[in-house]
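Biologist: I would like to learn how to read a model of this kind, one feature after another. Could you take me through it slowly?

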2 protein chains.
Amino acid sequence: MKNNKRLDLSLYLVTDRKVAGHLDITDLIQKAIKGGVTVIQLREKDLTTREFYQLGIKIKEVIPPDVPLLIDDRLDLALAIRADGLHLGQTDLPAVLARKYLGSQAIIGLSVENFAQLQEASRLPVDYLAISPVFSTPTKTDTGPAWGLEGLKSARILTDLPLVAIGGINEGNAASIVKAGADGVAVVSAICAAPDPEEAARKLKKTILEARKSHKLR
Amino acid sequence: MKNNKRLDLSLYLVTDRKVAGHLDITDLIQKAIKGGVTVIQLREKDLTTREFYQLGIKIKEVIPPDVPLLIDDRLDLALAIRADGLHLGQTDLPAVLARKYLGSQAIIGLSVENFAQLQEASRLPVDYLAISPVFSTPTKTDTGPAWGLEGLKSARILTDLPLVAIGGINEGNAASIVKAGADGVAVVSAICAAPDPEEAARKLKKTILEARKSHKLR
């Protein structure tokens with residue numbers, strides 16, 4: 001598996017076939033990567049294991065080696081697809097077990113929904129955290145209250161782990177996420193539901209890179 | 001993992017928390033084993049991965065070492081729980097991949113829904129097949145047409161693999177399954193929905209053993 005030191009969280013795409021609608025997900029991913037996406041997470045809750053496996057194999061064939069492919073929740077599929085890593089939520093397998101089966105080189109991420117989980121995460125074998133949800137979002141309804149920008153700033157102070165923020169992020173608020181200290185932004189709808197996913201990714205990436213530059217200059 | 005040569009398919013319980021209703025599933029499994037169940041398969045489609053993991057760990061602690069614990073579909077949970085094996089359907093991971101990660105000692109079963117799948121299974125690294133569904137059943141609605149007793153008899157002639165039949169089996173028709181050549185019967189409702197699961201298992205086991213005896217005497 002890929003060395004996780006090369007993990008660039010700048011623009012992190014979480015796929016959702018339902019949000020993507022009629023678009024072919026493999027095609028969407030290729031376009032999004034052309035537009036500047038740096039990490040792909042496959043999150044598919046309504047496929048059979050075999051369908052998810054076949055989709056993952058197909059996607060793995062088309063994505064470039066410098067863009068990590070992560071699988072949401074399913075350690076079995078991360079193994080079977082030979083993905084670069086796994087993204088865990090609080091209702092998924094414990095990170096220690098995932099690390100045991102994936103090995104030290106795999107990328108393992110963890111969503112944290114509150115400060116207690118953020119604190120606990122410092123003792124876990126994870127490579128990055130997802131601040132979830134940073135804003136309220138219609139895509140995922142089973143989460144706790146939103147962190148908000150103030151929560152994200154506090155999280156940034158409390159952990160040394162790389163942070164990606166997810167939930168309700170779009171072209172209009174992406175800069176504020178970076179300025180609050182996140183290493184990157186994760187999106188579903190902002191790319192999957194865009195009429196032109198490549199262009200949507202390109203604009204978001206530009207916004208993120210500019211915000212990072214002005215944030216560092218301060 | 002357990003040596004699969006000790007696999008006794010006689011009375012194979014597939015759990016379903018929804019069918020079990022108010023009964024505690026751990027309690028139900030213990031009672032069913034007292035009644036004579038020889039294999040446990042955990043099949044839970046509506047739990048989070050963490051909940052399934054926690055349930056599996058709890059069940060593993062209470063079942064005796066001579067009763068194999070199999071997990072339906074989820075290789076990740078079979079690994080995490082350190083179960084004795086995995087039961088695969090046609091929409092789950094390929095058996096070759098499951099074998100790769102579980103090792104040679106794990107028990108791997110496969111449901112077959114038609115003769116083409118039965119034939120294909122002879123080339124797969126599986127330890128037994130489930131003839132599914134042998135009768136039509138309300139528990140599982142995503143399957144093909146029922147094999148029937150004649151289909152089961154033909155399957156028995158066409159494969160050397162141990163066979164368990166599943167679907168609509170109860171105290172009234174269990175003997176016919178054994179007489180048609182199955183090594184065992186798998187049930188969900190006949191035990192999970194019984195007012196007294198231990199007694200239901202005991203009666204089924206008696207019926208199966210008697211049918212096997214009379215079948216062999218012919």
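Modeller: Let us begin with a term: buried area is the accessible area, taken with a 1.4 Å probe, that two parts lose on being put together, summed over both. The size of an interface is often given in this way, as the accessible area lost when the parts come together. Before using it, please note that this is a predicted model, in which local features need pLDDT of at least 70 and side-chain atom pairs count only at pLDDT 80 or more, while totals for chains, interfaces and linings use all residues. Residues are numbered from 1 along each chain as its sequence is written, chains are lettered from A in the order in which they are written, and side-chain values use heavy atoms, with hydrogens and water left out.

Biologist: What area is buried between chain B and chain A?

Modeller: About 1,800 Å² is buried between chain B and chain A, and carbon and sulfur atoms give 59% of that area. On the side of chain B, R50(B), D76(B) and L93(B) supply 28% of what the chain buries against chain A, more than any other three residues. If contact is taken as heavy atoms within 4.5 Å, 21 residues of chain B touch 21 residues of chain A.

Biologist: How many salt bridges are there between chain B and chain A?

Modeller: A salt bridge is a side-chain nitrogen of Lys or Arg within 4 Å of a carboxyl oxygen of Asp or Glu. By that rule there are two between chain B and chain A, and one salt bridge joins the side chains of D76(B) and R74(A), at 3.9 Å from N to O. Which elements lie on this side is read from DSSP runs numbered from the N terminus, where helices are H or I runs of at least four residues and strands are E runs of at least two. In chain B, α3 (49-62), α4 (75-81) and α5 (95-102) are the elements that give two or more residues to the side touching chain A, and α4(B) gives the most, with five residues.

Biologist: What turn lays chain B on chain A?

Modeller: Copies are superposed by least squares on the C-alpha atoms of residues with pLDDT of at least 70 in both. Here a turn of 180° with a shift of 0.0 Å along the axis lays chain B on chain A, with an RMSD of 0.0 Å; that is the relation of a two-fold axis. The same surface serves both copies, since 100% of the contact residues of chain B recur in chain A. D76(B), already met in the salt bridge with R74(A), comes closest to the rotation axis of the residues of chain B, its C-alpha being at 2.2 Å.

Biologist: Which backbone features should I look for within a chain?

Modeller: Most residues other than glycine have a negative phi, and most peptide bonds are trans. In chain A, a cis peptide bond with omega about -10° joins S132(A) and P133(A), and P133(A) lies in the loop between β6 (128-131) and α7 (148-158). The bond from S132(B) to P133(B) is cis as well, with omega near -15°. R82(A), a residue other than glycine, has a positive phi near 55°, and R82(A) is found in the loop between α4 (75-81) and β4 (85-88) of chain A.
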